[in-house]
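Reader: I'm new to this and still learning to look at structures. Please give me a close look at just one part, the sheet, and tell me what goes on around it.

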Amino acid sequence: MEAAEELERRSKFLNSLIQKKKAKEQQDQNDQFNVRVRACDMPLPLQNKAFKCARDHLDTMPGKLDSKRLALALKKEFDSSYGPAWHCIVGTSFGSYVTHSLGGFLYFSIDKVYILLFKTAVEPLDH
């Protein structure tokens, strides 16, 4: 019995080290893109894709922010990669209250731009 308990204790310790390392790597990547997550219900790989896509598009914009163009680019990227019904709101000041699909919500800032990206369910119309 003691061997099983010791194995469980070591397993928990190693898992905690792995989680800390992953959290540190994620924070380093967020710092690299100058990202701050404000609210989230989205898996890390999708978050990272949103951060990279937003950073890439912001870097190509000369001078003034084109929030419509950035929102369209993120929406198209997520629609094509993860299926339809993604919505994106971009700006420096806005309010919102939305309903989203489970695992499909990300609100973050990058530089001084705030981005809300979320997915809704699509159901066929019955005629």
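Author: Start at the N terminus and read along: the elements come in the order α-β-α-α-β-β-β. That makes three helices and four strands in the protein, where helices (H or I, at least four residues) and strands (E, at least two) are DSSP runs numbered from the N terminus. Before we zoom in, keep in mind that this is a predicted model, so to speak of local features takes a pLDDT of at least 70 and side-chain atom pairs count only at pLDDT 80 or more, while totals for chains, interfaces and linings use all residues. Residues are numbered from 1 along each chain as its sequence is written, and side-chain values use heavy atoms, with hydrogens and water left out.

Now the sheet. The four strands make an open sheet, and if you walk across it you meet E1, E3, E4 and E2, with antiparallel pairing. Two strands are said to pair if DSSP finds at least two bridges between them. At the edges sit E1 (35–41) and E2 (86–91), each with a partner on one side only. From one strand to the next, the twist averages 10°; axes are lines fitted to C-alpha atoms, for helices over the stretch in contact, and angles between N-to-C directions run from 0 to 180 degrees.

Let's cross it pair by pair. E1 and E3 are antiparallel and share six bridges, and Arg36 stands opposite Ser109 of E3. E3 and E4 are antiparallel as well, over six bridges, and here Tyr107 faces Leu116 of E4. On the other side of E4 (residues 113–119), E2 pairs with it in the antiparallel sense, again over six bridges, and His87 is opposite Phe118 in E4. What holds such strands together in general? Strands of a sheet pair through backbone hydrogen bonds, either parallel or antiparallel.

Have a closer look at how E3 turns into E4. The two strands form a hairpin with two residues between them. Asp111, in that loop, has a positive phi of about 55° although it isn't a glycine. With 39% relative accessibility, Asp111 counts as partly exposed. (Buried means under 20% relative accessible area, exposed over 50%, and partly exposed in between, with a 1.4 Å probe and protein chains only.) E3 itself is another story: five of its six residues are buried, so E3 is largely enclosed by the rest of the structure.

Which helix packs on the sheet? Helix H2 (residues 44–60) does, touching E1, E2, E3 (105–110) and E4, and its direction makes about 35° with that of E3. Contact here means heavy atoms within 4.5 Å. Helix H3 (residues 67–82) lies across E2 and E4 and runs at about 155° to E2.

For a single residue to follow, try Val113 in strand E4. Val113 is buried, with a relative accessible area of 8%. If you skip the neighbours within four places in sequence, Val113 is in contact with Leu58, Leu65, Leu70, Val90, Gly91 and Phe108. Ser93 is 20 residues away from Val113 along the chain, and their C-alpha atoms are separated by 8.5 Å.

Next, go to the edge strand E2 and back up a little. Ala85 is in the loop between H3 and E2. Its phi is near 80°, a positive value in a residue other than glycine. Unlike the partly exposed Asp111, Ala85 is buried, with a relative accessible area of 12%.

Right there you also find some aromatic rings. Rings of Phe, Tyr and Trp (its six-membered ring) pair if their centres lie within 6.5 Å; planes under 30 degrees apart count as stacked, over 60 as edge-to-face, and the rest as tilted. By that rule there are six aromatic pairs. In one of them, the ring centres of Phe78 and Trp86 are 4.9 Å apart and the planes are at 65°, so this pair is edge-to-face. Phe78 and Trp86 are both buried. Ring pairs also bring in Tyr82, so that Phe78, Tyr82 and Trp86 are linked into a cluster.

Finally, step back from the sheet. Of the 127 residues of the protein, 30% count as buried. Among contacts with a separation of 6 or more, 57% come from residues 24 or more positions apart.
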